[in-house]
Amino acid sequence: MKVKVINKGHQPLPAYATPQSAGLDLRANLESPVVLQPMERRLIPTGLYIALPPGYEAQVRPRSGLALKHGITVLNSPGTIDADYRGEVGVLLINLSHEPFTVNDGERIAQMVVARHEQAAFEPVEVLDETERGAGGYGHTGMS
């Protein structure tokens with residue numbers, strides 16, 4: 001699948017790190033470093049503008065290494081980029097650690113997964129079909 005992209009930044013286009021990677025790395029496109037204080041959130045620009053085909057979305061997800069090593073994650077995870085959005089792709093980062101974290105220009109800050117989706121048409125009914133689970137919610141299957 002081809003995705004049209006305008007790169008108004010100075011970073012390379014997103015790329016898959018390995019032949020079987022699901023996510024493309026997104027890089028910070030910054031004039032100067034951004035320091036995220038503990039519990040601070042900031043929208044980090046990428047310089048990228050994309051046009052996805054109808055029936056697709058792009059999901060912006062955290063990078064596991066940043067989360068594990070530094071407590072940095074994507075706040076609205078996964079963030080959804082709809083096929084009709086034409087603004088700049090931004091990454092909403094939050095620092096969940098106890099230490100300030102510096103985001104540098106060109107740093108890989110998130111990953112983007114392009115996925116097919118469906119649109120649902122809701123059909124009002126009076127009763128839903130019965131299932132084994134029924135109304136069991138969070139934690140209903142036990143701890144193990």
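**Figure 1. Proline 78 lies in the loop between β6 and β7 (79–81).** In this predicted model, the peptide bond that leads from serine 77 to proline 78 is cis, and its omega is near -10°. Most peptide bonds, by contrast, are trans. Strand β6, on one side of this loop, spans residues 72–74 and includes threonine 73.

**Figure 2. Methionine 39 occupies the loop between β3 (34–36) and β4.** The phi angle of methionine 39 is positive, at about 70°, although methionine 39 is not a glycine. In general, most residues other than glycine have a negative phi. Methionine 39 counts as exposed because its relative accessibility is 54%, and the cut-off for exposed is over 50%.

**Figure 3. The chain combines one helix with 10 strands.** Along the sequence, the elements follow the pattern β-β-β-β-β-α-β-β-β-β-β. The box filled by the C-alpha atoms, taken along the principal axes, is roughly 55 × 40 × 30 Å. The chain has a radius of gyration of 19 Å, whereas a compact globule of 144 residues would have one near 15 Å. Buried residues make up 31% of the 144 residues. When contacts between residues at least 6 apart in sequence are considered, 70% join residues at least 24 apart.

**Figure 4. Strand β4 (residues 41–51) pairs with strand β1 (residues 4–7) and with strand β8 (residues 88–95).** The pairing of β1 with β4 is antiparallel and comprises four bridges. Within that pairing, valine 5 stands opposite isoleucine 50 of β4. Strands β4 and β8 also run antiparallel, and six bridges join them. Tyrosine 49 has glutamate 88 of β8 as its bridge partner.

**Figure 5. Strand β10 pairs with strand β2 (residues 24–27) and with β5.** Four bridges link β2 and β10 in the antiparallel sense. Aspartate 25 stands opposite glutamine 111 in β10. The pairing of β5 with β10 is likewise antiparallel and extends over six bridges. Arginine 61 has glutamine 111 of β10 as its bridge partner. Glutamine 111 is thus shown opposite aspartate 25 and also as a partner of arginine 61.

**Figure 6. Arginine 63 lies in the loop between β5 (56–61) and α1 (64–70).** Arginine 63 is buried because its relative accessible area is 18%, and the cut-off for buried is under 20%. Apart from residues up to four places away in sequence, arginine 63 touches Asp25, Arg108, Ile109, Ala110 and Gln111. Two of these contact residues appear in Figure 5, where Asp25 stands opposite Gln111.

**Figure 7. Threonine 73 is part of strand β6 (residues 72–74).** With a relative accessibility of 19%, threonine 73 counts as buried. Neighbours up to four places away in sequence are not counted here, and threonine 73 then touches Pro62, Leu92, Leu93, Ile94 and Leu96.

**Figure 8. Glycine 71 is located in the loop between α1 and β6.** Beyond its neighbours within four places in sequence, glycine 71 is in contact with Leu66, Ile94, Asn95, Leu96 and Ser97. Ile94 and Leu96 are also touched by threonine 73. Glycine 71 and tyrosine 138 are 67 residues apart along the chain, and their C-alpha atoms are separated by 26 Å.

**Figure 9. Valine 127 is found in the segment after β10 (108–116).** Valine 127 is exposed, with 65% of relative accessible area. Between the C-alpha atoms of valine 127 and isoleucine 94 the distance is 42 Å, and these two residues are 33 apart in sequence. Isoleucine 94 is one of the residues in contact with glycine 71.

**Figure 10. The chain exposes about 10,100 Å² of surface.** Carbon and sulfur atoms supply 53% of the exposed area. The chain carries 13 positive and 16 negative charges, and the mean positions of these two sets are 11 Å apart.

Definitions and conventions. Residues numbered from 1 in each chain as written. Predicted model: local features only at pLDDT ≥ 70, side-chain atom pairs only at ≥ 80, totals over all residues. Heavy atoms only, no water. Helix = DSSP H or I, 4+ residues; strand = E, 2+ residues; numbered from the N terminus. Rg over C-alpha atoms; globule rule 2.2 N^0.38 Å. Buried < 20%, exposed > 50% of the residue type's maximum accessible area, 1.4 Å probe, protein only. Contact = heavy atoms within 4.5 Å. Areas by Shrake-Rupley, 256 points an atom, 1.4 Å probe, with all protein chains shown as cover. Lys, Arg positive; Asp, Glu negative; His and termini not counted. Charge placed at Lys NZ, Arg CZ, Asp CG, Glu CD. Pairing = 2+ DSSP bridges.
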